[in-house]
Amino acid sequence: MAFSIVELKEIEDLHKLADLFSEVWGRPGEHSISSDVLKALAHSGNYVCGAYADTRLVGGLVGWFGGVPPHELHLHSHILGVIAGSEAHGLGFELKQHQRRWCLEREVKVIEWTTDPLVRRNAYFNLTKLGAEAHRYLVNVYGEMTDGINAGEESDRLLISWRLDSQSAEAAAAGRGPEPRLDQLRRDGAAEVLVVGSAGEPVATTKSSFSSARVLLCQVPDDIVSLRRTDPVLARAWRLALRKALTEAIDSGYVVIGATRTGWYVLEIGAN
């Protein structure tokens with residue numbers, strides 16, 4: 001399906017966008033971001049866009065400019081929402097590519113956003129489908145979550161950095177973003193630092209592998225959202241195990257450069 005993605009400026013459209021975000025994030029009657037804030041962001045030249053299927057609003061994406069000198073100006077992409085169902089299939093990718101083009105037209109070369117590192121579909125989308133990287137792990141950055149998807153969880157996040165003119169971003173925009181080949185990486189000496197055990201539990205290796213392997217592999221469970229409902233103790237164990245594995249790796253100089261559909265992060269030492 002073809003989508004129409006446009007900047008939203010009128011308050012009636014921004015009311016609808018605020019309602020859409022509430023629906024997507026499981027907060028009926030409570031806005032994740034209010035229409036008056038959306039109006040202020042749009043009025044001051046930031047990115048506030050909605051996506052339509054015919055005349056129906058089915059998705060939206062919002063971001064604002066950041067970067068205090070001497071740091072590089074970038075767009076902080078704050079919230080993306082797409083309604084569930086086949087009607088909006090592929091819209092998340094189209095919204096991000098629209099945002100990329102919008103930034104490049106304004107000579108902004110980097111977009112950043114945060115993502116829950118335990119959600120494997122988001123890891124694959126951000127790092128492989130879009131061609132981004134992650135250089136920082138943020139511990140409980142927003143405090144305990146209250147929305148319908150993450151309620152009761154600590155808000156650990158990967159800070160995604162998307163360099164818009166990079167070869168990986170350009171290849172991904174053309175649909176040529178390659179998925180990491182685990183078999184080849186293992187043959188080349190990649191070390192597994194966190195894996196899913198036989199009972200679904202996190203199994204970590206020792207930190208010694210950080211100093212000898214150029215590439216690390218780190219696995220996450222199949223569906224952390226369901227696991228939070230069915231076994232919150234195990235979900236908490238995964239939060240702590242992944243926090244330890246990724247923070248130690250990143251502190252040791254590794255960069256998260258990719259992810260597979262099957263839930264494996266790929267980290268490389270000193271990657272740019």
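## Leu267 and the nonpolar cores

In this predicted model, Leu267 touches Arg214, Val215, Leu216 and Cys218, and also Leu246, Ala249, Tyr254, Val255 and Val256, when residues up to four places away in sequence are not counted. Leu267 is also one of the residues with the most contacts inside the largest nonpolar core, a distinction shared with Val48, Val62, Cys218 and Tyr265. That core has 71 residues, and helix H8, which spans residues 232-251, gives the most to it, with nine residues.

Apart from this core lies another, made up of eight residues, among them Ala190, Val215, Trp264 and Val266. In soluble globular proteins, nonpolar side chains tend to be buried together.

## Gln97, a buried residue in helix H3

Helix H3 covers residues 91-105, and Gln97 lies within it. Because the relative accessibility of Gln97 is 5%, and buried means under 20%, this residue counts as buried. Once its neighbours within four places in sequence are left aside, Gln97 is in contact with Leu130, Trp162 and Ala173.

## Glu107, an exposed residue in a loop

Glu107 is found in the loop between H3 and strand E5, the latter comprising residues 110-115. With a relative accessible area of 67%, Glu107 is exposed, since that term applies over 50%. Although Glu107 and Leu73 are 34 residues apart along the chain, a distance of 9.6 Å separates their C-alpha atoms.

Notes
Residues numbered from 1 in each chain as written. Predicted model: local features only at pLDDT ≥ 70, side-chain atom pairs only at ≥ 80, totals over all residues. Heavy atoms only, no water. Helix = DSSP H or I, 4+ residues; strand = E, 2+ residues; numbered from the N terminus. Buried < 20%, exposed > 50% of the residue type's maximum accessible area, 1.4 Å probe, protein only. Contact = heavy atoms within 4.5 Å. Core = buried A, V, L, I, M, F, W, Y, C linked by side-chain atoms within 4.5 Å.
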